[in-house]
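Got your viewer open? Let's take a walk through this model, one selection at a time.

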Amino acid sequence: KTIYILNGPNLNLLGKREPEIYGDITLENVAADCKKLGVELGLHVDLMQSNHEGQLIDWIHEARESAAGIIINPAAFTHTSVAILDALNTFEGPVLEVHITNVHKRESFRHHSYVSLRAEGVMAGFGVEGYQLALRRMATLVAD
Ligand code: DQA
């Protein structure tokens, strides 16, 4: 089974962007770690990142045909995008939401998530480990 791990805007700069907030591990490292864990869990992991809302929506549509589950860190689109929520609502498999930081400890505009209306679960504030924790949970959710 294939799991999509989708990442929104500015996460291409992970490891370089505000490292005091987001840490110094790059998205390439996260992708490698998740792929490795995927092999252990018997899952094929595809990690993608885009700064463009429409591209993320296109990948969610693609997932309808080619993925069993979606793990998504929509980044700032979390707090703004009804369109990403609507796209996720067209997907029938499980959805898990990841935030590297504890969004509830930050500015109040980060406290609301449109995506949480669809997500089975949310990891927030576990750093980049949150992706792997979400992947472990996803293995349970997509198991037969
Ligand atoms: C984030 C939190 C968002 O509020 C922020 O806009 C991001 C990253 C996180 O992973 O902690 O870009 O999703």
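**Stop 1: the ligand.** Start by selecting the ligand and showing what surrounds it: N10, N73, A75, A76, T78, H99, I100, T101, V103 and R110. Colour that shell by type and you'll get 4 nonpolar, 5 polar and 1 charged residue. Bear in mind as you click around that this is a predicted model.

**Stop 2: the annotated active site.** Now pick Y22 and H99, where UniProt, in an unreviewed entry, puts the feature "active site". The pair is spread over 78 residues of sequence, yet clusters in space, with a largest C-alpha distance of 9.9 Å.

Zoom in on Y22, which sits in helix α1, residues 19–22. Is Y22 buried or exposed? Neither label quite fits: Y22 counts as partly exposed, because it has 18 C-beta neighbours inside 10 Å, and the buried label needs 20 or more. Show its contacts beyond four places in sequence and you'll light up L14, R17, I100 and T101.

Swing over to H99, in strand β4, which covers residues 95–99. With 21 C-beta neighbours inside 10 Å, H99 counts as buried. Leave out residues up to four places away in sequence, and H99 touches N73 and A124. H99 is also one of the residues around the ligand.

**Stop 3: strand β4 and its partners.** Select β4 as a whole. How many of its residues are buried? The count is 5 of 5, so the strand is mostly covered. Flip the view to check both faces: V95, E97 and H99 are on one side, L96 and V98 are on the other, and all are buried.

Next, add strand β3, residues 69–73, which runs parallel to β4 and is joined to it by 3 bridges. For a specific pair to look at, take I71, whose bridge partner in β4 is L96. Bring in helix α4, residues 82–89, and you have a right-handed β-α-β unit made of β3, α4 and β4.

Then add β5, which pairs with β4 in the parallel sense over 4 bridges. Here H99 turns up again: its bridge partner in β5 is A124. A124 is also one of the residues that H99 touches.

**Stop 4: the annotated binding site.** Select N73, H79, D86, I100, T101 and R110, the set covered by the UniProt annotation "binding site", again from an unreviewed entry. These residues are spread over 38 residues of sequence and are spread in space too, up to 24.3 Å between C-alpha atoms. Several also belong to the ligand shell, including N73, I100, T101 and R110.

Click on I100, in the loop between β4 and β5. I100 is buried, with 23 other C-beta atoms within 10 Å. Beyond its neighbours within four places in sequence, I100 is in contact with Y22, G127, V128 and G130, so the binding-site annotation and the active-site annotation meet here through Y22.

Carry on to R110, found in the loop between β4 and β5 as well. R110 is partly exposed, with 17 other C-beta atoms within 10 Å. What does R110 touch, not counting residues up to four places away in sequence? You should see H79 and V103. H79 is itself in the "binding site" annotation, while V103 is among the residues around the ligand.

**Stop 5: N102.** Stay in the loop between β4 and β5 and select N102. N102 is exposed, with 12 other C-beta atoms within 10 Å; the exposed label applies at 12 or fewer. Residues up to four places away in sequence aside, N102 touches A124 and G125. Try a distance to F126 as well: the two are 24 residues apart in sequence and 7.5 Å apart in space, C-alpha to C-alpha.

**Last stop: D24.** Finish in the loop between α1 and α2 (27–41), where you'll find D24. Buried or exposed? D24 counts as exposed, with 11 C-beta neighbours inside 10 Å. Its contacts, leaving aside neighbours within four places in sequence, are G15 and P19. Now draw a line from D24 to V128: they are 104 residues apart in sequence and 9.8 Å apart in space, C-alpha to C-alpha. V128 came up earlier as one of the contacts of I100.

How values were computed: Residues are numbered from 1 along each chain as its sequence is written. This is a predicted model: local features need pLDDT of at least 70, side-chain atom pairs count only at pLDDT 80 or more; totals for chains, interfaces and linings use all residues. UniProt positions are given in the numbering used here, feature names are shortened, and annotations may be inferred rather than shown by experiment. Helices (H or I, at least four residues) and strands (E, at least two) are DSSP runs, numbered from the N terminus. Two residues are in contact if their C-beta atoms, placed from the backbone, lie within 7 Å. A residue is near a molecule or strand if its C-beta atom, placed from the backbone, lies within 6 Å of it. Ala, Val, Leu, Ile, Met, Phe, Trp, Tyr, Cys and Pro count as nonpolar, Asp, Glu, Lys and Arg as charged, and the others, Gly among them, as polar. Two strands pair if DSSP finds at least two bridges between them. A crossover is right-handed if, with the strands pointing away from the viewer, the path from the first strand over the helix to the second runs clockwise.
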